[in-house]
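Biologist: Could you take me through one part of this model in some detail? I would love a close look at an open sheet and how its strands are arranged.

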Amino acid sequence: MRSVVVTTLTLLFFSGFLEGVWATDAETVDDGLLFDEQEDLGLILYVTGVPQLKKSIMKSLCVATAKTVSSMACVTMWSDGALVKSTTENPVSALEKEKVLETLQKILSTTEGTENAKINFEQNLEVVATALHTQKNAPLNLGRLDQARNTKDNEYKYRTTGKGVTVYVLDKGINAKHVEFKHRTKGNSRVSYGTRTFRSDPSCAGHGTHVAGIVGGLKYGVAKDVNIVMVQVQPCAEKGSVQYLLSGMDWVLNNVKYPAVVQMSLLALGTSHSLNRKVKQIIDARIPFVLSAGNYANDACYYSPAMVSSAIVVGNVDSSDVINKYSNYGSCVDLFAPGTSIRSASATSDTRLVVMTGTSQSAPHVSGVVAQYLEREPWASVKDVMDQLLATATRGAVRNPKGSPNYLLQTDLSPLSQTVTASIDIPGMSVTPGVLDPVNIFQSKLPEKETVFSVSNHQGGILDYNITLDSVDGSDVESWLSVSKSSGSLEVGAEDEIIATFNSTGVPQGVYQADILIQGTDPDKPLHSIRVLMRHFCGELAEKEDEDAASTVEMLDIEITDKRPSSWGPQLPGGDPPSLYLDAKLVFNVPVVNDDPELPFPQMPQSLSMKDGGFVDFLEPVEGELCSAFHVRARAPKQDAWTGGNSVCLEVLDKRIVDIYEELVPGTELCGTYDDKPQAKLYGAYMTYSSDEGLFTDETDVEILAAFTEEVRGVNESQFYVEIDDEGDARISHISKIEGSKSFYQLTASIPEAFYGQVKVGVKNSIQDTTGQALQKATPLTFTRIRKPLVKHTSYAVRDEL
């Protein structure tokens with residue numbers, strides 16, 4: 001017989017007190033005594049503290065236990081333990097357990113050399129032996145997982161089977177009745193449906209069935225005992241949409257059973273910020289997310305959610321470790337796995353197999369290995385999972401990885417150091433909801449928010465727990481997050497309601513993350529962890545409660561001058577050309593992302609542009625601002641005021657800036673008005689005759705048009721003058737604003753009837769604009785009054801924009 005070593009983590013139950021105890025030594029046992037994959041209800045007894053316990057004593061304990069507990073039978077004994085197997089589906093009650101302890105203690109008290117003995121027993125234990133399982137005549141893809149050098153030996157060696165781990169497969173469907181998914185001992189299917197949004201059809205469940213078969217098929221799968229949950233995220237007859245994926249992921253977050261893995265062999269064709277965010281949310285909930293790299297022979301970083309750095313992205317190699325020509329590659333790929341000509345379960349029959357190729361087939365290999373690891377380490381974080389994958393992977397085996405990290409998947413064959421248990425007597429806890437939505441706080445309107453979660457004891461025994469806060473981003477978590485209870489004690493079935501309070505007072509604007517850790521009596525094993533996120537926004541602009549809504553930006557505190565401010569430093573050699581100088585503040589309603597700390601602004605300088613040939617001189621964040629504010633200095637060529645040159649426009653280019661929701665900020669034009677002194681021009685628009693020699697008229701009441709660059713005030717006859725070479729009474733006799741215009745006036749210059757010669761009409765500087773600025777000096781209008789009768793008047797059309 002072959003021998004295997006069993007090293008076990010046991011739990012001591014005595015008078016209702018729970019204590020963790022390690023078995024003292026590993027024991028070598030025969031095949032006939034190995035209870036690997038035991039699933040029947042029963043008691044597994046251990047006696048520690050007795051170096052040389054006779055097998056006869058262990059037999060006495062085993063038989064005595066069986067007699068004490070109804071419907072139990074002593075089936076196996078070994079040097080320090082025994083298996084008492086139940087013949088019913090009823091667990092051992094607390095009263096029966098006390099009787100067992102009492103009986104066994106009596107036996108030990110009368111046995112020589114057992115003074116220091118302690119009795120340990122566990123109910124419903126799932127023991128994982130460290131025996132090395134070997135699958136003969138295995139497919140090449142599985143055989144490749146257990147060897148550093150590619151020998152193609154058709155043997156698949158593994159130590160764990162993913163027992164107790166749930167893999168959530170996001171796909172179109174699974175044929176749950178396929179023989180590959182049968183439970184090895186019970187015979188029922190290990191596949192269940194989480195969501196079934198669309199009609200199931202074997203013709204479109206082929207992809208999901210094949211993927212699931214690689215994850216956990218009995219013969220063609222990596223993790224032989226893993227539980228699989230189908231999360232249907234694509235309709236049968238249509239292409240999928242991101243919204244379907246998001247809904248399926250939300251279902252996982254709200255219904256997850258730990259330890260868990262998400263397996264998705266789907267990609268978006270391009271970038272989807274909402275999809276990236278949701279994948280991060282799943283990972284933040286301590287669920288590894290395994291993803292296919294894609295089959296576009298392109299850089300995986302171009303596709304969502306493969307661009308998410310914390311996802312586990314898998315490329316495809318063939319049986320010779322050569323990267324498949326269609327596999328995506330690049331820095332976003334974490335490792336490679338077999339994915340070419342892979343045989344697995346088919347949806348069209350309960351026994352049929354089918355061969356497929358793609359990164360869709362590579363990713364489930366990794367999901368299976370992750371499930372194997374989580375069977376060993378159910379409390380492992382996502383980072384622990386990634387570190388383990390890379391630590392056990394074969395480095396440098398992939399031929400022509402095209403700039404990708406050169407790691408090839410390998411299953412962990414190292415011996416186990418402990419037993420994974422699932423005892424219904426271990427006091428347990430559930431947290432509702434398992435994931436908290438991000439909290440948005442707007443300082444000026446709502447500086448504080450509360451959210452509630454509950455802790456309940458649902459498994460048995462007294463549950464004592466402590467709550468601690470652990471910063472994820474390095475911030476002082478206690479400055480912005482608090483909980484209403486730091487500890488508690490729960491009876492069976494009891495529940496505590498915990499209030500988490502987010503406070504932004506005195507906290508700079510930004511994004512903050514922390515973990516709320518709920519720990520039991522074993523400080524090394526947090527019973528649950530909740531990732532929380534607070535976004536602290538500026539409250540001066542419109543709130544953005546909807547993450548998919550467009551961000552907004554405004555330009556405030558605008559100052560524009562036509563003289564270079566001294567604070568700008570020296571001018572260009574030879575002096576600046578005539579320019580308008582803008583000094584202002586750009587304010588976004590939510591924080592914007594700057595991935596490069598060397599740059600003062602996201603994607604600088606490509607994110608901003610000046611219209612009319614100007615450029616940005618200076619840009620940096622405004623220190624101490626609650627808002628996402630940036631100080632900007634820019635200049636533009638000074639234009640003639642008559643052509644609309646009193647505006648300076650800064651353009652935020654479309655989709656160049658990313659906000660903290662990972663939404664692209666839409667383009668917009670932000671303009672400021674230069675308040676120059678008003679200017680005026682006089683036109684002889686109604687003169688009877690004009691030529692290269694000037695304007696001529698034979699009238700005594702001459703109509704003149706006065707145009708201003710902007711609206712002015714205080715306009716009357718006294719603000720104008722008429723000069724002639726004679727001492728006669730020449731004056732402006734009438735003035736009126738042209739109907740429909742803000743800055744155009746019609747004047748009547750009255751000239752003495754006896755006067756003939758040159759006439760000059762001008763504007764006085766006492767006229768002001770609406771802000772009180774005085775009129776710039778204007779050029780007078782000159783014309784000549786002559787004796788000779790001229791042609792009939794000509795009509796003119798006057799436009800406001802002259």
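Modeller: Happy to; here is the sheet, followed by a short look at the aromatic rings. Please keep in mind that this is a predicted model, where local features need pLDDT of at least 70, side-chain atom pairs count only at pLDDT 80 or more, and totals for chains, interfaces and linings use all residues. Residues are numbered from 1 along each chain as its sequence is written, and side-chain values use heavy atoms, with hydrogens and water left out.

The protein chain has 8 helices and 48 strands (DSSP runs numbered from the N terminus, helices being H or I of at least four residues and strands E of at least two). Your open sheet takes 4 of these strands in the order E31-E32-E35-E34, with antiparallel pairing; two strands pair if DSSP finds at least two bridges between them. Strand E31 (553–561) and strand E34 (615–621) stand at the edges with a single partner strand each, so one side of each has no neighbour in the sheet. From one strand to the next, the twist averages 20 degrees (axes are lines fitted to C-alpha atoms, and angles run from 0 to 180 degrees between N-to-C directions). E31 pairs with strand E32 (residues 579–588) over 7 bridges in the antiparallel sense, and Ile-560 stands opposite Leu-582 in E32.

Now for the rings. Rings of Phe, Tyr and Trp (its six-membered ring) pair if their centres lie within 6.5 Å; planes under 30 degrees apart count as stacked, over 60 as edge-to-face and the rest as tilted. That rule gives 7 aromatic pairs. Tyr-296 and Tyr-303 have ring centres 5.0 Å apart and planes at 20 degrees, so this pair is stacked. Ring pairs also link Trp-480, Phe-502 and Tyr-512 into a cluster.
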